[in-house]
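Hi everyone, thanks for making time for this. I'd like to walk you through a structure, one piece after another, and please keep the picture open while I talk.

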Amino acid sequence: MAEKILMKGNEAIACSAIRNGVDGYFGYPITPQSEVMETLMAEKPWETTGMVVLQAESETASINMVYGGACCGKKVMTSSSSPGISLMCEGLSYMAGAELPCLVVNVVRGGPGLGTIQPGQGDYYQIVKGGGHGDYRCVVLSPASAQDMYDFVDKAFDLAFKYRCPAVILADGVIGQMMEKVEIHATKPRRTNEEIEKTCPWATVGKRADRPRNIITSLALESDVQEATNLRLQAKYRKMEEEDVLYSTYMTEDAEYLFVAYGCMSRIVETTVDMLRENGIKAGLLRPITLFPFPTKQIQALVPQIKSAMSIELSAGQMVDDVRLAVNGAVPVGFYGRLGGNICTPQEIFDAFKKFNNLQ
Amino acid sequence: MKEEIIIAGFGGQGVLSMGKILAYSGIMQNLEVTWMPSYGPEMRGGTANVTVILSDKKISSPILTTYDTVIALNQQSLDKFESRVKPGGLLIYDPNGITHLPTRKDITVCSIAAVDVAAELGSAKVYNMVVLGALLQMKPIVEMENVTKGLMKSIPERYHNLIPMNEAAIEKGKQSIQILNRI
């Protein structure tokens, strides 16, 4: 039987990294995610699996250390929270351009600026739509429990290596700080150099006489070459949309009213759905697990049966844009959210739902 | 079975670790649990609270507006959370330093003089275990055997020699609770 441990989401990220063959972590502390590096330092994986854990001098340095490790085909990661992620966005764009796999964990706090250390979801636009410059996307996974934090580390690396792109776990202060029961599954060892050379033929691991040089760069001054790179990236993003959308539903089978919520808010909205059902209102929830690729088709499939859709977020309304695009004007789309580190309660959402739908 | 609890007091009273031991005891009893702290600029002397939910089903929202049980260990917490006890619920408070007493009549109100009890036991550090005992006396949501297992999981092994002292504090807390209003 799998071992069950009470741990914070942040601790789960660290424990999972050690147990899933991650080669290196480079980070810089910031609340509410400092427990990731604290746990790694306490566990000392360099003495067991050989995983490198390094506190860099800044977030900018961290992401560039990740770039370096990724060039060698290593499983490398960093974690931070909103203001630190802003500093990493240049590196993320470079890694997307150079087609490098990595994992970045963002435990979002309220912004803008230094903002607050309390939870937020205001980084949706930044992480899902871009952040850095240029036409790029990251695979974005949204955990809603400490168990998800544990499980998504491996899943994120699988997707990052499948597509040779950065993967982001977009969590929030609630999921990072909350302790829950986490089942520790079977573990994966770190890959050997031979395995890396075999599975990542693009990696810069030292040129052999029987193959041309591998060059990793995001620079191509010739427009046709740069356009070709862009078209290759876009083809990957379309493939992700076809093959790797993840989502879950709660009570949507007969739902007449749809909620869309991710991360901690999906948990809170589930309670609101229960409250509405007790009042005889058929509400349901669709929780996007991948924010990119977004479950557009899955929302569209529910449109014929619903009277309205509502996006609930700890932001001023960001994911609601994607919900509107999916619904495409067929039914009214509403929004409710809180800002600045405040968290919507099930009752507040219940009241906002009734107001939006003109229900008594 | 579902029990939604908030434990609120000063930083340094052991509010968060009491919640952790309660949550771990829940896991040992095969329950689903969440432990959600107020995190941030709290420190010794500031306010701190933790919401603990124990349930035999999957837990949806870890964020609550009302609670089955409120444990208030200072005046600020009592003032803030008395109104958030569900009708018919339970309020436990430590009378040390309390000048405005709780007034609700639609809930069960108990007091636990945990500062005094911990002093009698000779260690202020077992304060939170006295409070845990008081809670378990009123609501035996986890069996004592699982609390012991929870203690073993929560406390680093090098301090396991202190577990009997913690168990004694829980026992003393059970005996020392006073019921002021029972519904």
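I'll go through the sheet, the core, some backbone details, a helix and a strand, and then the contact between the chains.

One thing to keep in mind is that this is a predicted model.

Let's begin with the sheet in chain A. Which order do the strands take? Seven strands make an open sheet, and the order is β3-β2-β4-β5-β7-β6-β12 (chain A), with mixed pairing. At the edges sit β3 (52-55) and β12 (290-292) of chain A, each of which pairs on one side only. From one strand to the next, the twist averages 20°.

Now look at one pair in that sheet. Strand β2 (residues 24-27) of chain A runs parallel to β3(A), and the two pair over four bridges. If you want a place to put your finger, A:F26 stands opposite A:L54 in β3(A).

A helix lies against this sheet too. That is α4(A), which packs on the sheet and touches β4 (76-80), β5 (102-108) and β7 (166-172) of chain A. The direction of α4(A) makes about 155° with that of β5(A). Helix α4 of chain A covers residues 82-97, and A:S86 is in it. Is A:S86 buried, exposed or partly exposed? There are 17 other C-beta atoms within 10 Å, so A:S86 counts as partly exposed. For a sense of distance, take A:S86 and A:M319, which are 233 residues apart along the chain: their C-alpha atoms are separated by 19 Å.

Next, the core. The largest nonpolar core has 166 residues, and the members that touch the most other members are A:L103, A:V139, A:A156, B:V130 and B:V131. Helix α6 (residues 146-163) of chain A gives the largest share of this core, 10 residues. What does A:L103 touch? Leaving aside residues up to four places away in sequence, its partners are A:M77, A:V153, A:A156, A:F157, A:A160, A:A167 and A:I169.

Now for some backbone details. As background, most peptide bonds are trans, and most residues other than glycine have a negative phi. With that in mind, here are the exceptions I'd like to show you.

The peptide bond from A:T31 to A:P32 is cis, with omega near 5°. You'll find A:P32 in the loop between β2 and α2 (35-43) of chain A. Another cis peptide bond joins A:G111 and A:P112, where omega is about 0°. That proline, A:P112, is in the loop between β5 and α5 (124-129) of chain A.

Then there is phi. A:K44 is not a glycine, yet its phi is positive, near 50°. A:K44 sits in the loop between α2 and β3 of chain A, and it counts as exposed because it has 11 C-beta neighbours inside 10 Å. A:N358 also has a positive phi, near 50°, and is likewise a residue other than glycine. Look for A:N358 in the segment after α13 (346-356) of chain A. With 7 C-beta neighbours inside 10 Å, A:N358 counts as exposed.

Over to chain B for a helix. Which residues of helix α5 (residues 144-154) of chain B are buried? They are B:V147, B:G150 and B:L151. These buried residues cover an arc of only 100° around the axis, so they lie on the same side of α5(B). Here is the background: an α-helix has 3.6 residues a turn, so residues three or four places apart point the same way. What covers the buried residues of α5(B) includes α1 and α6 (163-176) of chain B.

A strand gives us another pattern. In strand β10 (residues 257-260) of chain A, A:Y257 and A:F259 point one way, A:L258 and A:V260 point the other way, and all are buried. β10(A) pairs with strand β11 (residues 283-288) of chain A in the parallel sense, over four bridges. Within that pair, A:L258 stands opposite A:G284 in β11(A).

Last stop, the contact between the chains. How many residues does each chain bring? Chain B gives 17 residues and chain A gives 20 residues. On the side of chain B that touches chain A, α1 (15-28) and β2 (32-37) of chain B are the elements that give two or more residues. The largest share there, six residues, comes from β2(B). By class, that side of chain B has 10 nonpolar, five polar and two charged residues.

The strands meet here as well. Strand β8 (residues 179-184) of chain A pairs with β2(B) in the antiparallel sense over two bridges, and A:E180 stands opposite B:T34 in β2(B).

That's my tour, and I'm happy to go back to any part of it.

How values were computed
Residues numbered from 1 in each chain as written. Chains lettered and ligands numbered in written order. Predicted model: local features only at pLDDT ≥ 70, side-chain atom pairs only at ≥ 80, totals over all residues. Contact = placed C-beta atoms within 7 Å. Nonpolar A, V, L, I, M, F, W, Y, C, P; charged D, E, K, R; others polar. Pairing = 2+ DSSP bridges. Buried ≥ 20, exposed ≤ 12 C-beta atoms within 10 Å, placed from the backbone. Axes fitted to C-alpha atoms, helices over the stretch in contact; angles between N-to-C directions. Core = buried A, V, L, I, M, F, W, Y, C linked by C-beta atoms within 7 Å. Arc of directions from axis to C-beta.
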